[in-house]
Structure formats: structure tokens, C-alpha cells
Amino acid sequence: MLERLTLALALLCISFTVSAQRTIQGTVTDETKESLIGVNILVKGTSSGTVTDLEGNYSLSVPAGYNTLVFSYTGYAGQEVEIGTSNILDVTLSDLAVGLDEVVVVGYGTQIKADLTGNIAKVSGKDIEAAPVTSFESAIQGRTSGVHIEKSSGKLGEGMKVRVRGNSSISASNQPLFVVDGIPITSEDQGINNNQPTSPLVDINSADIESIEILKDASAAAIYGSRASNGVVIITTKRGKEGKTSINLNVQSGFSSPTNKIGFLNAEEYREIYTEATLRYLGIDPIIATEEEKNEARQFLEDVLVDGFNSDFETDTNWEDEAFNEEAGFTKVDLSASGGSDKTQFYAGLSYHDEEGILIGNKLERLSGRLNLDQDATDKLRFGLGLNVVRTQLDRVSDDNAFSTPLQLIALAPTQSSRLEDGKPNPNTIYYNGLIQLENSNRLTEIYRTLGNVYGVYEFFPGFSFRSDFGIDVLDQQEDNFLGRETLDGAPAGLGESRSMRVINYNTNNFFSFDRALNENNDIQLVLGLSFQQSESKETSIQATGFPNDDLTTIASAAEPVFTSSTATAFSFLSYFARANYKLMNRYLLGLSGRIDGSSKFGEDNRYGFFPAVSAGWIISQEPFLANSNQVSFLKLRASYGVTGNAPSTNFASLATWDGNNYTTTSGLTPGTLPSPALQWETTRQFDIGLDIGLFRDRLTLELDYYQKNTEDLLLSRPLPAISGFTSIFENVGEMQNKGFEVVLNTRNFVQGFKWSTSFNIALNHNEVTQLNSDADIIAGVNRVRVGEPLGVFVTRRYAGVDSATGDALYDDGEGGTTSNYNAAPNMVVGDPNPDFVGGLLNNFSFKGFDLNIFFQFVVGNEVYNDGGQFQSNNASGFVDNQTKDQLRRWRQPGDITDIPRAELVGNIGAQESSRYLSDGSYVRFKTLSIGYTIPSRLMQKWGIASARVYVTGQNLITLTDYKGWDPEVNYTGTGRTDTNTNIIQGTDFYTAPQARTITFGLNLGF
């Protein structure tokens, strides 16, 4: 009897178990009945889920009591589908209306894109997560209309210029405000002042980014008030979603090379041009010179200037090749996990990036980890945290304006060897051999970065909540430089330098949000809150000499300090902000926002500024006369006007300051700056009008924008007579204008089995300085600030070619003629470093498991000044630097028609600063080519792999340009920089490294 009872209970349990769960199967397709691969399917309320295979099929066990499946797929509208009684469930997903239903992150909240009345550009993290770049700014270059991004050089870890709708300041920062997960972060250069700027944004791993929103117009950005004159870049990192844990592994490895090599004279050509130049120096006409006279000239060069010039005819060194690293390349590994329950979600990411730059001695290694947690404590309370810990190690090379920097090797004579017979660098070159620096010095920058934030959200009732954020950004940067006793600056006993920089940035936001549909025709969204930020920085630097040997490189081993410095500074902002968005009848939109900012950088009288904005929109396609149109699927007219601000870069500009100084053993105070109690905010007033169009069910969408930005009360230093004891005082004394037009065109060309989509953007911007505090130019080399001209315009002599009778250089005399007298030629505007327009063209193709991405980026209408041209391309009339190949076209005898003057040693013929060294900096770059294949999931599932994709990516593959230097994307700002000269100095090249061309092979696995 007991055995029968046991058997009955067992059968009952089996029966219950079978009935307790069901296996649901089906196929997921798009509206054209094309199968969709990799659709995420989740049993609502559980962590159970799966993805569709190569044929779009799925099979999923559904526990008893759960009757809803959630389908989600990038680019398609998500669906929640009731299971019903059948075990077969086929689903059709609809394309998103090209992002119109997409959620866009705005300041202190989110909005549906269709309801935006401002201009916000968005880049998805999926578009950049696998880009083979060091910093995420490179990955979004050319992808967003109205945002001009320029990398300063091909050196690793160095700064990038980001301009949103042009330059808005002369002395304050022109970089946008960067906000990560709602918290403004440190984004300014923190590097040592005797080298080029570094970029703190290198610490952000692009694989952790969910989306990037760029707030461009005043209505979008004004809620950030005084921080928003240059736009706002909002970075949202990835967070976990309810469902089973998803693990992703992405491995990349590739190799790099320079995008271009200029080409310099070989040994034979070098001997030829300098023999000719020396003959003229000696008063002998090269055309009729005898072999004996030529040999005399060559021997003169060997005896006086170039060792081996007339005796070593076997050596032919390509110094340009010596400067570049043949083993350049990188490896990157990204591992992440995300998922969670209905109460707790998480995202964890770990990344390792190891890269050798295209220049010898330039390396970067980054290790970063991120953890984002979100927890529903109750039905009303939600809290979470984000933590990002980063270690970046950067092996730097010397500043471009140093003989020891790699690319200055090209100045050396090809008739001299790079190394001696024992393999050591040759110390007997015409200039310092930078290979000595490479092997007997180090320039190590080590950065430890912690980005952390916690938040809590309490929902009083649906649609009304309070949120509190607290974030901290701690940046510790340690720079240790050592020059051994064999180096130029380290002789005779070594020179060491140690610099510590710590920046701690505290932020807190506290705000109420109300978002409700009041009734069928009225929707309202309100935000009201306050924000506080405090930034503290400390710097300590010491330089010392007298080391016992080159193995002991720390300052403690030095005998004598040469230089010591220590500084500490801080600033704070206290802000109150509000925003209201109102939607009437789903087609009439109104937005209002305002922010009151107070800053420690100003005196009490002008400490606070008010920055309001108003915007309106009309969704015309919702009107009855267009609601049923088969052609126009979306049409919106929008306009906005608002005021944003900017504060000075220096923290005490409004105050009288005193400096601590010493003389021998006595310390004391000396006056620093005069007070400027009336100093106030720079203000930018911006008007924007735009039209958003969607045609043919949004198969084609178009965004058109016209804007005008007027900046007033520019912060500038007014010169003072030195007899006063001061040289300048900081005041509000200038005005500037930017105006432009932006176009974004998106098309879905094919949407069935073979898919092809295109995205094109172009932006035109004109900048003009409209007022200064005097008629005199502000000068920074060949760049100037001049009323009526764009910021940083090039002003110098205009080169007019070569006198065919004498070979003399000619210059514009300003009166319609030419002169060979350099000093008689006037300075004039000869070019503009600001481009007329910038943009990009992206094409995406997919078929079955294959995908192809082709992206072109372009910059048109700017000039670049090669400041090194006076040495590299001076027709052998300077010293004895090697010359570019084009100098073979020099003038040689009367009647020659050319643009390159005669060669005459130390004759300085046409080698002075002039437009001779100015080139068209326009370029079209084949920015990205990516080819991938997603392996059918049925082939991978037996290995426990949910998805697998292999791909090859090329970055900066081809550059079409007329620029005569290495690369037109360049911006050498020099050392001893301030915001003033880095804003003015634009488009300048001085032995600056080209960008890297990179080929990457990658594997992405999902588990």
C-alpha cells in the first residue's frame, strides 16, 4: 500500500512540474517579414530570457503564473506580448521612427525626442564602444552636426579641442562642460607646463558608455547656466536591466602607422642642395662652378658644420623613419556583466588598454573598472551608486619645440648615421640626436582617477519625485621626468623633476521632478532644484640635479634642488535651477528654463548671474490637415532663445592678490594683481530656429537649424603702463559672434533582407570678434585677435612667389605690387584657422550575418600654418637642416619659374615668417571602415556562447588633403600655455606628430 501511495505522489509531482512551466516557441521578424537576429526576449517579472538565432527563432521555458514576454531590439520599438493558450508565439517588431520615440537625456531629466524644442545631438554607445581609439572624443568626431572635434597631434593621451557651434571666449575656456551620470567632471588639462596639454577624458572607457548627448542651443543648455556657453556633453554610462545576467567579452588587437610621411632629401640630394647653397655663400655661381670649387664648398661644410659631409658617401639615413615606431599598435580587452532582478540591477565592467604610439618612446596603458548598482528599496524609494576606478600610465615624449622630440630628428643630415658601430646613438650629429634622449631619459605620467556618485529617488506619487545626487571626482596625477647625464639638458650629472597634481571635485544635485499628463490634451513636466560644486587643486613640483648615476632617478638621490614650487587653489559654484515643459494637444510645445549661478570667482557685487531660456515647438504633422499624409510622417517647427554664461579660468580675477616670494634667505610678499570688483560673467545670447522633417514613414528624416550666438562682456586683460607696477587688469571689454547653419539627413535606403542606411551631417559656422578694449591686435605668434575677423586669424607677410631673374623671395607690398624687401612688406590677414564647414557621412550595410560600416569625416575652408617650415623648407638658406623634397624645385638660374627661392647658405632667402608656410588645411578622411560577421547562434550554443561576432576595423585609412605637412588635423599650442593663448593659437604645426592609421582585428562574445 505504501509503495502504491509513493508511486502516486511521484506521478502527481511529475504531472505538476510539467504543468508548472511551458515552452514557448516562435519567430521574430520585422515588418517586411525579415528574420531578426539577437532579439532579447524576457519573461516579464523574472530573470529568465533568451535571444533569437540566425533564423529569428527562439525557444523559452516560461514558469507557471507568468504570462507576458518582453521583446526588445536595438532600432525597433519594444513589445510586451501576452502568451495566451498556444505554445507558438510569433512576433513582428516595428522600426522606431528614427529615434522620435527615443528617450534623450537632458539636464536633470529625460525627454522624448519628438517633444524636444531644443537642439540635442545624440550618439549611441553601441556606435563607439569598439572604436580603436584612446579617448571617446575621437570616436564621435564628425558624427554630430555643429560639433568640431580636433585632436592636437598623434601623440597618445594629449588634449583634444571640442567646439560646439564655434568659439565663445578669448580668455576663458571654450571647451564644453562634460557631465558623467549627472555629475560635472574635471576635463581641463592638468599636465606639466613644459609639455603639451594632456586630456583627463582619456580616463573614460568608451565601452562603458550607454549614450552621449550634446546640448547645443541655449534652450537645451541654459539649465546649466554659467557652465553652458560652450555647450554641454552629457555622458550616460551603462546600467543593468532586469533579466538574466549577460556577460560580454570584446577583444581587439591591431597595428598602427602614421597617416602620412612628408619625405625628406636623401644624402645625395642633401649634398647637392647644400653644395649649391654654400657656393653662393662663398660668392661662386653654382651654374658655372668647377668641380674643384664644388669640392671646396663641400669641404667647407664638413670642416665647419656637417661632420662627414665630404668624406662619408655611404651613409644615407632616413631620419623620418627613425622617428616613427615600427611596432606601434594596441591591444584592448573589455569584459562586462549586467543584469538583475526586478528589485536590483547591476552593471560591472573591466577594461585593459595597452598601446604603443606611432612615435618612438610614446606609450599608454590604462586599467579601469566600473560598477553601477540600482536598488528598489520600496515601491517609492530607489537608490544606486556608480563607481569608476582608473589607472592610466603614459610614457610621454618631449614637447614639439624641443630638439629631443622624435620628429625633430628629421632636421638631422642624412649624410650622418643615426648610431655608432657599437649601436649607441651618434652624438656627433649637426643637432642633438633625439635617440640619445630616448635611451637615457624617461617622462612618466601616472594618473589615478576615481569617479563616484550615489543617488536616491523618492516617488511621492506617480509622476512626482525628489532626487538627490552626490558625486566626487578625484584625480591624482604624478609626473616623474629624468634626463640622464648623456642627454643635452641632463649633462653632466642628471636632471630630475617630480610633480604631483591632485584635483578633487565635489558635486551635489537636489531636485524635484513632476511629469504628468493632466488630461488627454495637457502634459506638463517640471524640474526645480539646486546644485553645488566645489573644486580643490594642489600642485607640488621640484626639480633637482646632481645624481650619483642614471639608475637612481628619484629626487631623493639628487644633490641640489634647482626649482621648487607649490600651489593650492579652489573655486565653487552654488546654483538654483528650474525648468517647465508643456505640451498641448500633442502638438503645441513650450519650454521655459532658468538658472541662478553664484561663483567664488567673482566679487560680491556680481557674484550671481541669471541665465534664462524660452523655446517653443509646433508638431505640424499632428494637425488634421497632415495627420493622414502618406508622404509627411513627421514635421516640427521649433525655435528657442536663451542666455548662458562663462566664468574666468583663473579663480581670483576679481580680487587684489599678493604673491609669496623669497630673496636668498628672506621671504616676503609682492603685489600680484589689481582688484577688479566690477568683473562679471561672460554672457552668450543664442537664438535658434529649426525644422525637423520625416518623410515616407520616416524612411527619410531631415533636421535643419539656423543659429546666432552673441557673446558679450568678454573677459580680457587690459594692458597697463608698467610704471604703475602692474602690467594688466582683468575686465569685461569685448564681444564676439557666431552664426551658422546645420543639416542632418538620415535615410533608410533598403529595409528588407539587405539593409542600407545613410546618415549625413554638415555644419557651417562663421566666427567674428566684434569688439575689443582697444584697436590693437592681441598677438600669439602668427595668430591674432582682430576686430572684424575670426578668432585666431593668421596675420603675417603675404608671400608672392619668386623673382625669376634673381631667385629672391617676393612679398605683397600692400599696394598691388610686390617687394623683395621683407621689412618693407606689411602684415596682413592671410588665412583663417577656423573651418567654413565640417561634417561626416556614414553608411551602414547588413545582410544575413554580415555588417559593413563606412564613415567619412571632412573639414573644409581652414588654413594650417607650418611654423616648422622655416627650418624644414627654407631652400637651404637657413642653417643646415634637412629639407623637404619640394625644395628640389628651387630657383637655380635666371628665367626659372618656381615658387621656391634660390639656395644660399644662411642667406635667409624667403625663410622668414610668411604665408609661404600657410597651406589649405581642408581634408576628407576615410575615418572608419568596419567589416563584421555574426556567427549563427546555433553553431555557438553548444559552447555556451549566446552570440559571437568577428570584425576588422580600419581607422584613419585615407586622408585627402592639399596640406603640405604630415597631417592637417593638428593644433600645437606650445608650452607655458594659458586659456588665452590656447584659444588664439589654432591651426599651427611645429614638428607635430600626424594622426595614427590603425587596423584592428576583434572578437566579441556574448554569454
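**Exercises on a predicted model**

The side chain of Ser229 reaches the backbone oxygen of Gly645 at 2.9 Å. The model is predicted.

**Exercise 1.** Place Ser229 in the chain and decide whether Ser229 is buried or exposed.

*Solution.*
- Start with the location. Ser229 sits in the loop between α3 (218-221) and β16 (232-237).
- Take the relative accessible area, which is 4%.
- Apply the cut-off: buried means under 20%. Ser229 is therefore buried.

**Exercise 2.** Find what surrounds Ser229.

*Solution.*
- List the contacts, leaving out residues up to four places away in sequence. Ser229 touches Ser168, Thr644, Gly645, Asn646, Thr684 and Lys709.
- Look for side-chain partners. Ser229 and Thr644 share a side-chain polar contact of 3.3 Å.
- Add the backbone. The Ser229 side chain also reaches the backbone oxygen of Gly645, at 2.9 Å.

**Exercise 3.** Which side chain of opposite charge is nearest to Glu137, and does the pair make a salt bridge or none?

*Solution.*
- Locate the residue. Glu137 belongs to helix α2 (residues 136-140).
- Find the partner. Arg366 is the nearest side chain of opposite charge, 8.3 Å away.
- Compare with the cut-off: a salt bridge needs a nitrogen within 4 Å of a carboxyl oxygen. Glu137 is buried but has no salt bridge.
- Check the neighbors. Beyond four places in sequence, Glu137 touches Ile149, Met160, Val162, Ser199 and Leu201.

**Exercise 4.** Judge how compact the chain is.

*Solution.*
- Count the elements: 10 helices and 50 strands.
- Take the radius of gyration, 32 Å. The globule rule gives 30 Å for 1007 residues, so the chain is as compact as a globular protein of that length.
- Add burial. Of the 1007 residues, 53% count as buried.

Conventions:
Residues numbered from 1 in each chain as written. Predicted model: local features only at pLDDT ≥ 70, side-chain atom pairs only at ≥ 80, totals over all residues. Heavy atoms only, no water. Helix = DSSP H or I, 4+ residues; strand = E, 2+ residues; numbered from the N terminus. Buried < 20%, exposed > 50% of the residue type's maximum accessible area, 1.4 Å probe, protein only. Lys, Arg positive; Asp, Glu negative; His and termini not counted. Contact = heavy atoms within 4.5 Å. Polar contact = N/O pair within 3.5 Å; in protein donor to acceptor, adjacent residues only side chain to side chain. Rg over C-alpha atoms; globule rule 2.2 N^0.38 Å.
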